[in-house]
Amino acid sequence: MKGRNILLIAVIAITISASTFSFYAYQVLYSPNILIDKEPQFIHIPTGSDFSDVQKILSESDYINDLMAFSLLSKLMKYDRLVKPGRYLLQKDMNNRAAIRLLRSGEQSPVRITFNNIRLTEELPDKICSDLEIDPEELRLFLEDSAVSARYGFNRQNFLGMFIPNTYEVYWNISKEQFLDRMKKEYDSFWNAERMDLSRKIGLTPMEVNTLASIVKAECFHKEEAPVIAGLYINRININMPLQADPTIVFANRDYSIHRVLEKHKEIDSPYNTYRYAGLPPGPINMPEIVYIDAVLNFEKHNYIYMCAREDFSDYHNFTSSYTEHLRNARSYAAALNREKIFR
């Protein structure tokens, strides 16, 4: 009788232990363990992180309820040896198994980066690095390295032209090398057969088109004028007339507060001084959007070679092929500037 009782107690103990283990195992595997209230949240795992770093990130971000259970299952699923950096989207009520599968898979949520309105290559990191792991100063120094631009077929003066303003999806932990590889791939894709054919027809290389587009962008406040302005500069190029583009003078002086280009500004000895040196400058003076590049490739055919801002400050231009008429337009605009006391 006594032996039977001992056996019964043993069976009960084993059953309870098994039930307890099964219940805990179920909780570890399937019970919600990610503390997300409503909207999904991103977790960022830096490059070079190990499993202890992941544990610390989850703990400090308060995204995990039972870190021990997560860690136990991570080891069973070998995630502790397969940590992959990146940006991952954690969902509300996610269980350990689902979270570990996501992190172990490396299936990141991409980041959307947008850049435009950039004058200099050195400004690009500040536009994009807030959403990336890349250190902005590290990227800035990388972009300024002449060996880097040469690697992609450019130089320091025209490297900005490799970057086509747009919105791109990239991974948060993209390296600076991978970022430039991606931008070169986008550049090559942008300059497709159709655009290359248009470029050849107007006698300009893609980089020359980009450089002229940057001048058109700087001159243009109303995009509908862009093909007209592009056609004017094409006309000047075709008759070997200096471009005499005021935005290149502003760029050469590196003084973007200039609103009225004066003779003293034109005295600067710079390859970007299109009053002193004929032809296009050695590189773009900003990062032109696609609409301006296409405006050059599809420029409006006309006989204009002169333009002057309208005296009504509408930011439209008066165009003409007559130098006499141009002088009248210039005097009217100068008088309007004087009335508004705009002297520089």
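This briefing covers two pockets of a predicted model and the surroundings of one arginine. In this predicted model, local features need pLDDT of at least 70 and side-chain atom pairs count only at pLDDT 80 or more, while totals for chains, interfaces and linings use all residues. Residues are numbered from 1 along each chain as its sequence is written, and side-chain values use heavy atoms, with hydrogens and water left out.

**Largest pocket**

- The largest pocket (an open set of points on a 1 Å grid over the protein atoms alone, where a 1.4 Å probe fits, with protein on both sides within 12 Å along at least five of seven lines) holds about 1,600 Å³ of space, a volume being the space filled by probe spheres set on the points, which are joined across faces, edges and corners.
- Its lining (residues with an atom within 4 Å of a point) comprises 46 residues, and Glu-219, Asp-246, Pro-247, His-259 and Val-261 are the closest to the centre.
- Helix H14 (323-339) is among the elements that each supply at least two lining residues, and H14 gives the most, with seven; helices here are DSSP runs of H or I with at least four residues, numbered from the N terminus.

**Second largest pocket**

- The second largest pocket holds about 320 Å³ of space and is lined by 14 residues, with Leu-120, Thr-121, Glu-122, Arg-156 and Arg-254 nearest its centre.

**Arg-104**

- Arg-104, found in helix H4 (residues 96-105), counts as partly exposed because its relative accessibility is 29%, between the limits of under 20% for buried and over 50% for exposed (1.4 Å probe, protein chains only).
- The side chain of Arg-104 reaches the backbone oxygen of Met-77 at 2.8 Å.

Methods. Polar contact = N/O pair within 3.5 Å; in protein donor to acceptor, adjacent residues only side chain to side chain.
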